Amino acid sequence: MKIYVDADACPTVIKEILYRAAERKRLQLILIANQPLRVPPSKFIQTLTVSSGFDVADDEIVKRCEAGDLVITADIPLAAEVIAKGGQALSPRGELFTKDNIRGRLNVRDFMDTMRASGVQSGGPPPLNQRDRMEFANHLDRILARA
């Protein structure tokens, strides 16, 4: 199992949890972003900088991801593609995307996108809180225990 991170929007606190998990479990952690990232020195942690552009990092993650790999992302369409390839997707807030819930999440995302395009201001998600971090860490631990 490899862990890929859609790193441009991933909160630092979540990356730090992932750094510790990669070291502890001796798993390959690949952070993909369109800007250079600073990560702790480790033979298990690497970064890949891709060019800027719409979905360039997402496309790279999908290209590299294989069945059984884990992708950390809040991007619902990316999560759907990962699941279709047999991978697992976990949001930085601790929501595990599955075959059973991804279609509904895509529908909600598309609806909200349509609402925003029509001028409705929906704001963004609330800031990451302690409960979100705990949810993420707990789901990550369960996934890694099964690996």
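Which residues are linked with Glu60 in a network of salt bridges? Glu60, Lys63 and Arg64 are linked in this way. The legends below start with the sheet and return to that network. The model shown is predicted.

**View 1. Six strands form an open sheet.** The strand order is β3-β2-β1-β4-β5-β6. The pairing is mixed. At the edges stand β3, residues 45-49, and β6, residues 96-97. Each of these has a single partner strand, so one side of each lacks a neighbour in the sheet. Strands of a sheet pair through backbone hydrogen bonds, either parallel or antiparallel.

**View 2. Strands β1 and β2 run parallel.** Strand β1 covers residues 2-6, and strand β2 covers residues 28-33. Five bridges join the two. Within this pair, Val5 stands opposite Leu31 in β2.

**View 3. Helices α1 and α2 pack on the sheet.** Helix α1 spans residues 12-25. It touches β1, β2, β3 and β4, the last of these being residues 70-72. The direction of α1 makes about 150° with that of β2. Helix α2 spans residues 56-64. It too touches β1, β2, β3 and β4. The direction of α2 makes about 170° with that of β1.

**View 4. A salt bridge joins Arg24 to Asp141.** The model holds four salt bridges. In this one, the N to O distance is 3.2 Å. Arg24 lies in helix α1, while Asp141 lies in helix α5, residues 130-146. The pair therefore ties together parts that are 117 residues apart in sequence. Arg24 is exposed, at a relative accessible area of 52%. Asp141 is partly exposed, at 38%.

**View 5. Arg93 and Asp132 meet in a salt bridge.** Their side chains come to 2.7 Å, N to O. Arg93 lies in the loop between β5, residues 88-90, and β6. Asp132 belongs to helix α5. The contact thus ties together parts that are 39 residues apart in sequence. Is each partner buried or exposed, or something in between? Arg93 is partly exposed, with a relative accessible area of 29%. Asp132 has 10% relative accessibility, so it counts as buried.

**View 6. Glu60 and Lys63 form a salt bridge in helix α2.** The side chains meet at 3.5 Å, N to O. Why are Glu60 and Lys63 separated by about one helical turn? They are three residues apart in helix α2. Glu60 is buried, with a relative accessible area of 14%. Lys63 is exposed, with a value of 60%. The network also takes in Arg64.

**View 7. Arg26 and Asp55 have positive phi values.** Most residues other than glycine have a negative phi. Arg26 has a phi near 55° and is not a glycine. Its place is in the loop between α1 and β2. With 58% relative accessibility, Arg26 counts as exposed. Asp55 has a phi of about 65°, and it is not a glycine either. This residue sits in the loop between β3 and α2. With 30% relative accessibility, Asp55 counts as partly exposed.

Conventions:
Residues numbered from 1 in each chain as written. Predicted model: local features only at pLDDT ≥ 70, side-chain atom pairs only at ≥ 80, totals over all residues. Heavy atoms only, no water. Pairing = 2+ DSSP bridges. Helix = DSSP H or I, 4+ residues; strand = E, 2+ residues; numbered from the N terminus. Contact = heavy atoms within 4.5 Å. Axes fitted to C-alpha atoms, helices over the stretch in contact; angles between N-to-C directions. Buried < 20%, exposed > 50% of the residue type's maximum accessible area, 1.4 Å probe, protein only.
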